[in-house]
Amino acid sequence: MLGLFGTLNMAARSLQTQMTGVEVAGQNLANVNTPGYSRQVVKIAASADIGTTVGAEGTGASVTGIQQIVSSLLNAQIQTQGGTSGYWNAQQTILQNAQNGLDEFLNGSGATPSASTTSSSTTDSGLSGQLTSLFNAFSSLAASPSTSSQQAVIGAAQQLATTFNQISGQLGAAQTAANTTVSTDVASANKLLTSIASLNKQIATAQFSGGTANDLLDQREQALESLSALTNITTSTGANGAVNVNINGQTLITGNTLTDTLQTYTGANGNLLVQTAGGGADLTLTSGSIQGTIDARDGELTTMQNQVDAFASNLISAVNTVHDSGYNSAGGNGNNFFTGTNAATIGVNSALANNPGLIQISSSPTNGGDTSLALQLSQLAGTTQTALNSQTFGSYYDATVAGLGNALSNANTQVTNQTTVSNMLQTQLGSVSGVNTDEEMTNLMMFQRAYEASAQVVTTLNTMMGDTLAMKTS
Amino acid sequence: MRIATNAYTDSMLSQFNSLASQQYTLQNQVSTGLSVQAPSDNPTAMANTLNYLSNQSTQTQYTANITTLQTRATNVDSVLQSLQTISSRAGEIATSAGSPTNSQSDLNNYADEVNQLINQVVNAANTKDPSTGKYLFGGTASGSAPFTTTTDANGDVTGVTYNGNSSVNQAQIGAGLTASADIPGANTSGTGPRGLITDSASGADFLNHLISLRDNLTSGNTTAITNTDSANLQKDENNIAYQVANNGVIQNQLTTAASFASSNSTSLSQMISNSSSADLMNTMVQLNQAQTSYQAALQSGAKIMQLSLLNYIQ
């Protein structure tokens, strides 16, 4: 038999137990919007009973633990998914930059009522259109060798050269932006590694003294998720619940110790590479935004830059070869048409720009009115260039644009798909670990009612004790 | 399935984003009339459209070149008409002067008229193209007038020098197709385009033949006029007739090329439209669908967000 005091004790413990329930519900409600928070439930068990002559008699209930509801399977999937998302998001950003830099967009002035309407208002403001304009200006000069035709040629050539310079500059800026992104990402990864090692230590300390470090575990899970969005990592559970982190078999965190960090360096061919800072071991990253940015920078972006440069240098030499073999209307020669060697440096010879009359389109020093070289220059539009995969200038550039378009379109599709998968995983994780306010409110009421009931037990016992004491005085 | 409270807001946000971006894209397609604007929208269609646009712009240039050549051919034609008149008058003079009834004073009157004809021919042969300011009949040489004359004490033309050459400039009027409306003033090589005034292939040498006619009129050598000058002038007349006919051929060629360029341009417009234009009906229907979905998502979202157990706890 528990007796009056035993029962009072039991009621007091019950008050504490129900109070813990209210506390946990409160904690869950408070963290309903906390990213990465896993809901907690209070574990209540009946206390050990006492054997009596009439059978085992209960001693109430007590809290045996506050448990975090997590799914390590979903967490692992979210980490992997985060790496893929990070990779494609990074690619998308860089390629979007490159597409803007290329500035090759179609403009339209309104929808046509049906596809059968033949009048098209579509125009193109980029390099492709300007290249055609230059060839057309040469064609016009051949047909009508007037001063205004000469100026039109110089104008078209200057516009083309400026666009080349701008594109080259923009692609260069995109490359610089990619470098900055990679170094920022590497710095973030190193910071996350430091905090994961430190969380390992805190968690070990907390759990050594018998507690459960639920909130620290959430924080570490968040940090691991952020880290895997940056780079692919492999984790394993070590002693005292610590998470060991390694990349490509290179250990970065063992237990509480941060053994190495990441750094980037430039390879022999100008590509960005990642290695461990201390050990200097090369790392082959397979996912995450660091590798996404590097792949876009050293892949499509470099290809673009090379193709635009090849396009510019072949155009310069093709135009100059024809132009330099000719004479101006006064029989003079010796001026290049284009100066420079690539997209960054291409320009119209300033001597011609200042005096369009110096254009050399006559095949003979004595035939000043000859325009046969202007005709030849305009026909370069349809001439295939061996150095440009045996394509014409126009089709080579169109293919370059389409190449970038394909890469970006692929990245866009991947990002959309990954977002869908990611949302689905988050919903699934939410259904396990997320807080539902209705549920917590119900729990709150449940514990409140139980607390009220236990308090009623205390009141009853108080009355009973009063009654017992009154027996003596009366 | 257990649903976390934030799952509503998270999924609603991502649905709103996706629907808003759909509407943005469709609205943009309606307002620009284009289904492809950036290379990533549809890389193949973009490359095709750029190719068609460039091709169309080239066709427009062909049309411009054709117009330039047509104007020049018309200018050349009017010069040819006046040369034809001069040539037939010179032929008449040569025929009339051969008659034995003519006195020397009649012949002198004819000689004066021929002098005027010579000046008219020189002026006509030195005509400039009004659009470029270049001489029409100087070949590809530039600078001085194609025909310069030497005169005697009376101001009569005694000799003619041609300063041009026998080449002509070609202009592009179609893919792989060039044409020229120019005629060189003289061609003594016997090959290439026939000269306007002097042409060794046809034996034409209009100005020198006129000078010879005038000299024979002045000296009263009617035998030479009948035996030589008449025949020579006939060659000149034939040469000019050839040039008139040739000019007509070129103008026909230009008209054909112009209609070819124009129909090419039209079919390229169609191809550009097919590869890059948005179908307005279709796009509007899709936009309506997206708007309806957006409205439904907003309404249901707003309703769900208001509801919770808290509404019912007193």
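Visitor: What pattern does chain B follow, read along the sequence?

Guide: In this predicted model, chain B runs α-α-α-β-β-β-β-β-β-β-α-α-α from start to end of its sequence. That amounts to 6 helices and 7 strands. Chain A, for its part, contains 10 helices and 15 strands.

Visitor: How do you know that chain B is not a compact globule?

Guide: The radius of gyration is set against the globule rule, 2.2 Å times the number of residues to the power 0.38. A compact globule of 314 residues would come out near 20 Å, but chain B has 38 Å. The box filled by its C-alpha atoms points the same way, at roughly 140 × 30 × 30 Å along the principal axes.

Visitor: What does the radius of gyration of chain A show against that of a compact globule?

Guide: For 474 residues the rule gives a radius near 23 Å, whereas chain A has 38 Å. Its C-alpha trace spans about 145 × 60 × 35 Å along the principal axes.

Visitor: How do you know that the span of helix H4 of chain A agrees with its number of residues?

Guide: Helix H4 covers residues 147-208 of chain A, which is 62 residues. The expected span is 1.5 Å times one less than the number of residues, and for H4(A) this gives 92 Å. The end C-alpha atoms lie 90 Å apart, so the two values agree. Just after H4(A), Gly210(A) adopts a positive phi of about 95°.

Visitor: Why is H4(A) called roughly antiparallel to H6(A)?

Guide: Helix H6 comprises residues 289-324 of chain A, and it packs against H4(A) at an angle of about 165°, the axes being 10 Å apart. Angles over 145 degrees count as roughly antiparallel, and H4(A) and H6(A) are therefore given that description. The crossing of the two is left-handed.

Visitor: What makes the contact of H4(A) with H6(A), by class of residue?

Guide: The residues divide into 15 nonpolar, 6 polar and 2 charged. On H4(A) they include Phe164(A), Ile167(A), Leu171(A) and Asp185(A), and on H6(A) they include Ile290(A), Arg297(A), Leu301(A) and Met304(A).

Visitor: How do you know that H2(B) is roughly antiparallel to H3(B)?

Guide: Helix H2 (residues 43-97) and helix H3 (residues 104-125) of chain B pack at about 160°, with 10 Å between their axes. The cut-off is again 145 degrees, and the description roughly antiparallel therefore applies to H2(B) and H3(B). H2(B) passes H3(B) in a left-handed crossing. The contact involves, among others, Val79(B), Leu83(B) and Ile86(B) of H2(B) and Leu107(B), Tyr110(B) and Val114(B) of H3(B). By class, it has 12 nonpolar, 2 polar and 2 charged residues.

Visitor: What makes the contact of H2(A) with H5(A), by class of residue?

Guide: There are 4 nonpolar, 7 polar and 2 charged residues. Gly82(A), Gly83(A) and Gly86(A) are among those of H2(A), while Glu221(A), Leu224(A) and Ser228(A) are among those of H5(A). Glycine counts as polar in this division. The axes of H2(A) (residues 72-102) and H5(A) (residues 214-230) come within 6 Å and cross at roughly 35°, and the crossing is right-handed.

Visitor: How many residues of chain A are in contact with chain B, and what makes up that side of chain A?

Guide: Contact means C-beta atoms, placed from the backbone, within 7 Å. By that criterion 66 residues of chain A are in contact with 66 residues of chain B. Helices H3 (127-143), H8 (372-379), H9 (393-433) and H10 (437-473) of chain A each supply at least two residues of this side. H9(A) gives the most, with 17 residues. The side of chain A that touches chain B comprises 18 nonpolar, 43 polar and 5 charged residues.

Notes:
Residues are numbered from 1 along each chain as its sequence is written. Chains are lettered from A and ligands numbered from 1 in the order in which they are written. This is a predicted model: local features need pLDDT of at least 70, side-chain atom pairs count only at pLDDT 80 or more; totals for chains, interfaces and linings use all residues. Two residues are in contact if their C-beta atoms, placed from the backbone, lie within 7 Å. Helices (H or I, at least four residues) and strands (E, at least two) are DSSP runs, numbered from the N terminus. Axes are lines fitted to C-alpha atoms, for helices over the stretch in contact, and angles run from 0 to 180 degrees between N-to-C directions. Angles under 35 degrees count as roughly parallel, over 145 as roughly antiparallel, 65 to 115 as roughly perpendicular and the rest as oblique. A crossing is left-handed if the near helix is turned anticlockwise from the far one by less than a right angle, and right-handed if clockwise.
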